[in-house]
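Here are some notes from one colleague to another on this structure. I hope the numbered points make it easy to follow along with the model open beside you.

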Amino acid sequence: MARAANNKNIQAKLVLLGDMGTGKTSLVLRFVKGQFFDYQESTIGAAFFSQILSLNEATVKFDIWDTAGQERYHSLAPMYYRGAAAAVVVYDITSMDSFVRAKKWVQELQRQGNPSLVMMLVANKADLESKREVDSKDGELYAQENGLTFIETSAKTAQNVNELFYEIAKRLAIARPSRLTGINLHNEMQGRGRKLFCCSI
C-alpha cells in the first residue's frame with residue numbers, strides 16, 4: 001500500500017500586466033495549452049484561463065487573468081489585480097517603451113496591490129535577440145532594486161515559460177497562508193508528483 005503524503009491544495013489568483021503587444025496572451029496560451037500563434041489578436045478587457053500545477057509540496061490551481069495592454073483599459077486593471085496572490089509584469093525585450101511601462105505597472109502594484117504579492121518581472125520575446133533594445137542586465141537590476149524575481153522568456157520557443165509559472169507556484173506553496181490573499185487553501189491526503197496537467201477555460 002502506497003503511503004499518502006499530506007498535500008496542500010492552493011487556489012491562487014494570478015494577473016498578467018504589461019503593454020499591448022508584449023506577449024502576455026501568448027505566454028498564457030503557451031503555458032495552458034502548449035500553443036503559439038504568430039498573430040495573436042489584442043485582448044479586450046481581460047481573458048480568463050485556469051491551470052493546475054502539481055508540486056511535491058502542493059497542488060496549485062491558478063485562476064489567471066490576462067489583462068488588455070491598451071491604455072483605454074488601464075482603469076479596469078485594479079479590478080483584476082486587487083486581491084491577487086501573484087502578478088506577472090511583462091515587457092518586450094525589443095521595446096524600451098514597454099520596459100518603461102512595466103516599471104509603471106510595478107510601481108502601481110507596490111502602491112495598491114496585495115502587500116504579500118508574489119511579483120515577477122518578465123522580459124518576453126527572448127527569441128528576438130537581434131532586435132533587443134532592453135539589456136537583460138537592466139531588467140535584472142530593476143528587479144533586484146524592487147524585490148522582484150526576473151526571468152527572460154519566449155512564448156514562441158517556450159523558453160522559461162513553464163519555469164516562470166512553476167517558480168510562482170513554489171513561492172505560493174512555501175508562503176504562510178495567513179499572510180496571503182487571493183488564495184484558498186485546504187489539505188488533501190493525496191501524493192502527487194510534479195506534473196503539468198489540465199485544464200483551460
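**Notes on charged pairs, ring pairs and the overall fold**

1. Let me begin with the charged side chains: the structure holds eight salt bridges. Please keep in mind that this is a predicted model. Side chains of opposite charge can pair when their charged atoms come close.

2. A good place to start is K61, which forms a salt bridge with D63; the closest N and O atoms of the two are 2.8 Å apart. K61 is partly exposed, with a relative accessible area of 29%, whereas D63 is buried at 14%. D63 falls in the buried class because its relative accessible area is under 20%.

3. Next come E71 and R101, whose side chains meet in a salt bridge with an N to O distance of 3.6 Å. E71 sits in the loop between β3 (58-67) and α2 (77-81), while R101 belongs to helix α3 (residues 96-112), so this pair ties together parts that are 30 residues apart in sequence. As for cover, E71 counts as exposed at 53% relative accessibility, and R101 counts as buried at 13%.

4. D92 and K125 also have side chains that meet in a salt bridge, at 3.4 Å from N to O. This pair links distant parts of the chain: D92 is in strand β4 (residues 86-92) and K125 is in the loop between β5 (118-124) and α4 (136-145), 33 residues apart. D92 counts as buried, with a relative accessibility of 7%, and K125 counts as partly exposed, with 23%.

5. One more charged group deserves a look in your viewer. E129, R132 and E152 are linked in a network of salt bridges.

6. Now for the rings: the structure holds seven aromatic pairs. In one of them, the ring centres of F48 and W65 are 4.9 Å apart and the planes stand at 55 degrees, so the pair is tilted. F48 lies in strand β2 (residues 46-54) and W65 in strand β3, so the two rings tie together parts that are 17 residues apart in sequence. F48 counts as partly exposed at 26% relative accessibility, and W65 is partly exposed with a relative accessible area of 27%.

7. F62 and F165 form an edge-to-face aromatic pair, with 6.3 Å from centre to centre and 70 degrees between the planes. Here, too, distant parts of the chain are linked: F62 is in strand β3 and F165 is in helix α5 (residues 161-174), 103 residues apart. F62 is buried, with a relative accessible area of 0%, and F165 counts as buried at 0% relative accessibility. Which residues form one aromatic cluster with each other? They are F31, F62 and F165.

8. The strands that carry F48 and W65 are worth tracing along the backbone. β2 and β3 form a hairpin with three residues between them. The two strands pair in the antiparallel sense over nine bridges. To find the register, look at A47, whose bridge partner in β3 is D66.

9. Helix α5 also contains I174. At 67% relative accessibility, I174 counts as exposed. How far apart are I174 and E57 in sequence and in space? They are separated by 117 residues in sequence and by 8.2 Å from C-alpha to C-alpha.

10. Stepping back to the whole chain, there are five helices and eight strands. Read from the N terminus on, the elements run β-α-β-β-α-β-α-β-α-β-α-β-β.

11. Finally, some totals that you may like to compare with your own scripts. The chain has 201 residues, and buried residues make up 50% of them. Of the contacts in the chain with a separation of 6 or more, 78% come from residues 24 or more positions apart. The accessible surface of the chain comes to about 10,100 Å², and 49% of that belongs to carbon and sulfur atoms.

Technical notes:
Residues are numbered from 1 along each chain as its sequence is written. This is a predicted model: local features need pLDDT of at least 70, side-chain atom pairs count only at pLDDT 80 or more; totals for chains, interfaces and linings use all residues. Side-chain values use heavy atoms; hydrogens and water are left out. A salt bridge is a side-chain nitrogen of Lys or Arg within 4 Å of a carboxyl oxygen of Asp or Glu. Buried means under 20% relative accessible area, exposed over 50%, partly exposed in between (1.4 Å probe, protein chains only). Helices (H or I, at least four residues) and strands (E, at least two) are DSSP runs, numbered from the N terminus. Rings of Phe, Tyr and Trp (its six-membered ring) pair if their centres lie within 6.5 Å; planes under 30 degrees apart count as stacked, over 60 as edge-to-face and the rest as tilted. Contact means heavy atoms within 4.5 Å. Accessible areas come from the Shrake-Rupley method with a 1.4 Å probe; for residues, only the protein chains shown count as cover. Two strands pair if DSSP finds at least two bridges between them.
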